[in-house]
Amino acid sequence: MMTSVDTELIRVLGDPLRLRIVTLLARETLCTTHLVEETGAKQTNLSNHLRVLREAGVVETEPCGRFTYYKLRPDVIASVAGQFADLAESARTAAENKRACP
């Protein structure tokens, strides 16, 4: 049973704007223009966050003419969810374990 979580991925998803982007992309594939409209973020700021998400493997790109569309990689999100599920199960089974103080 795994009892650790990919800390780099959690750091990446821990940013509120990146989490908002991931939430939006969970619903549909969007281009940068759509994401600017939905989040209200500046295009340059949004592009930086998308780069971080892309480098972490959370999103992938799909060129379409002069636009770039972004889509969420559900397997990556499922992996993090599974890691947290493993932690929860470990906590349930270890609930009665208590280390004695010296």
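Residues are called buried when their relative accessible area is under 20%, exposed when it is over 50%, and partly exposed in between (1.4 Å probe, protein chains only). By this scale arginine 73 is partly exposed, with a relative accessible area of 26%. The structure is a predicted model, in which local features need pLDDT of at least 70 and side-chain atom pairs count only at pLDDT 80 or more, while totals for chains, interfaces and linings use all residues. Residues are numbered from 1 along each chain as its sequence is written, and side-chain values use heavy atoms, with hydrogens and water left out.

A helpful place to begin is with the salt bridges, each defined as a side-chain nitrogen of Lys or Arg within 4 Å of a carboxyl oxygen of Asp or Glu. Seven are counted by this rule. One of them joins the side chains of arginine 73 and aspartate 75, at 3.1 Å from N to O. Aspartate 75, like its partner, is partly exposed, in this case at 45% relative accessibility. Both residues belong to a network of salt bridges that also links Glu60, Glu62 and Lys71.

Other pairs lie within helices, which are DSSP runs of H or I with at least four residues, numbered from the N terminus. In helix H1, glutamate 8 and arginine 11 are three residues apart, a separation of about one helical turn. Their side chains meet in a salt bridge of 2.6 Å, N to O. Glutamate 8 is partly exposed at 43% relative accessible area, and arginine 11 is partly exposed at 47%. Helix H4 (residues 43-55) offers another pair, glutamate 55 and arginine 51, which are four residues apart and again separated by about one helical turn. The closest N and O atoms of this salt bridge are 3.5 Å apart. Here glutamate 55 is exposed, with a relative accessible area of 60%, whereas arginine 51 is partly exposed at 34%. As background to such spacings, an α-helix has 3.6 residues a turn, so residues three or four places apart point the same way.

Arginine 18, in helix H2 (residues 16-27), gives a contrasting picture. This arginine is buried yet has no salt bridge, and the nearest side chain of opposite charge, that of aspartate 15, is 4.4 Å away; for this purpose Lys and Arg count as positive and Asp and Glu as negative, with His and the chain ends not counted. The side chain of arginine 18 does reach the backbone oxygen of valine 12, at 2.8 Å. Leaving aside residues up to four places away in sequence, arginine 18 touches Arg11, Val12, His49, Val52 and Leu53, where contact means heavy atoms within 4.5 Å.

Helix H5 (residues 74-93) has 20 residues and reaches 28 Å from its first C-alpha to its last, close to the 28 Å expected at 1.5 Å a residue; the expected span is 1.5 Å times one less than the number of residues. Val76, Val80, Gln83 and Ser90 are buried in H5. Seen down the helix axis, the buried residues fall within an arc of 80°, so they line one face of H5; the arc is that of the directions from the axis to the C-beta atoms. These buried residues pack against helix H1 (7-13). The face of H5 turned away from the buried side carries the exposed residues Pro74, Arg92 and Thr93.

Alanine 100 lies in the segment after H5 and is exposed, at 67% relative accessibility. The C-alpha atoms of alanine 100 and isoleucine 21 are separated by 45 Å, with the two residues 79 residues apart along the chain.

Conventions
Helix = DSSP H or I, 4+ residues; strand = E, 2+ residues; numbered from the N terminus. Polar contact = N/O pair within 3.5 Å; in protein donor to acceptor, adjacent residues only side chain to side chain.
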